[in-house]
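Hello,

Here is the structure I promised to pass on. Please have it open while you read; my notes follow below.

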Amino acid sequence: WSNLISLNYKGNPVIGLANFPILKKFYFNTSIKNAYVSENGVKKKLKVNRKATFSNMKMSAAFHGGLTLKQQNKIPQILKRMQFPCVDALSYSHFTEGKVDVVLQCLNKIWDIQPLIPIIEAAGGIVTTWNNQDATRAGNIICSSNKSIHSKILKILKPVSK
């Protein structure tokens, strides 16, 4: 489990904390450009893998009942590339460390994603909904390590974007 906390200013998340007590690890941002992970008391700056390309990207994805099998059949390119199991907040956190390059999830609530948005963005990631809207409203979420990958995944997701 995780503890997720967001400090919002005028409706926008500006500071986030993702705590994983069993792992003795937590992720946080201190500004729009600086995010860190602290593990066993050692702090390390977070940075997404900006060198990832569509052909070599590592993807963590789950649909959590948000897509029917018929809908999933409309996005075979995504299904083929789902390499890592999606474990909610931890997948987004691993993304900020550069361990995966794309995370796709369905049905996120504001309390699922708002604490992670400022951490993702401070680590250099892009986070939106599947129809390229502001992720603070929650829903089906994509985060990508660069604009090129993000654009390609959004295009592939069009048949199932809501």
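Which residue in S8 does Ser60 stand opposite? The partner of Ser60 is Val103. Please keep in mind throughout that this is a predicted model.

**Strands around S8**

The Ser60 pairing belongs to a parallel arrangement: strand S6 (residues 59-62) and S8 are joined by four bridges. S8 also pairs with strand S10 (residues 139-144). There the strands run antiparallel, with five bridges between them. In that pairing, Gln105 of S8 faces Ile141 of S10. Strand S8 itself covers residues 102-108, and six of its seven residues are buried, so the rest of the structure largely encloses it.

**The chain as a whole**

The chain holds six helices and ten strands. Its radius of gyration is 15 Å, close to the 15 Å given by the globule rule for 162 residues, so the chain is as compact as a globular protein of that length. The C-alpha trace spans about 45 × 35 × 30 Å along its principal axes.

Of the 162 residues, 48% count as buried. The chain exposes about 8,600 Å². Carbon and sulfur atoms supply 57% of that area.

Now the contacts. Take those between residues at least 6 apart in sequence: 58% of them join residues at least 24 apart.

On charge, there are 23 positive and 7 negative charges in the chain. Their mean positions lie 8 Å apart.

**Helix H3**

Helix H3 covers residues 89-96. Seven of its eight residues are buried, so this helix too is largely enclosed by the rest of the structure. The buried ones are Ala89, Leu90, Ser91, Tyr92, Ser93, Phe95 and Thr96. After H3 comes Gly98, which has a positive phi, near 85°.

Look at Thr96, which sits in H3. Its relative accessible area is 1%, under the 20% cut-off, so Thr96 counts as buried. What does Thr96 touch, leaving aside its neighbours within four places in sequence? The contacts are Tyr27, Leu46, Lys47, Val48, Ile119, Ile120 and Ala123.

**Gln114**

Is Gln114 buried or exposed? Gln114 lies in the loop between helix H4 (110-113) and helix H5 (117-122). Its relative accessibility is 11%, which is under 20%, so Gln114 counts as buried. Not counting residues up to four places away in sequence, Gln114 touches Ser6, Asn8, Pro13 and Thr136.

**Glu39**

Glu39 is in strand S4 (residues 35-39). At 36% relative accessibility, Glu39 falls between the 20% and 50% cut-offs, so Glu39 counts as partly exposed. Which residues is Glu39 in contact with, leaving aside neighbours within four places in sequence? The contacts are Lys24 and Lys25. Phe26 is also worth finding on screen: Glu39 and Phe26 are 13 residues apart in sequence, and their C-alpha atoms are 6.7 Å apart in space.

**Where to look**

Start with S8, which has S6 as a parallel partner and S10 as an antiparallel one. Then go to H3, and to Thr96 within it. Finish with Gln114 in its loop and Glu39 in S4.

Best wishes

Notes
Residues are numbered from 1 along each chain as its sequence is written. This is a predicted model: local features need pLDDT of at least 70, side-chain atom pairs count only at pLDDT 80 or more; totals for chains, interfaces and linings use all residues. Side-chain values use heavy atoms; hydrogens and water are left out. Helices (H or I, at least four residues) and strands (E, at least two) are DSSP runs, numbered from the N terminus. The radius of gyration is taken over C-alpha atoms; the globule rule is 2.2 Å times the number of residues to the power 0.38. Buried means under 20% relative accessible area, exposed over 50%, partly exposed in between (1.4 Å probe, protein chains only). Contact means heavy atoms within 4.5 Å. Accessible areas come from the Shrake-Rupley method with a 1.4 Å probe; for residues, only the protein chains shown count as cover. Lys and Arg count as positive and Asp and Glu as negative; His and the chain ends are not counted. The place of a charge is taken as NZ of Lys, CZ of Arg, CG of Asp or CD of Glu. Two strands pair if DSSP finds at least two bridges between them.
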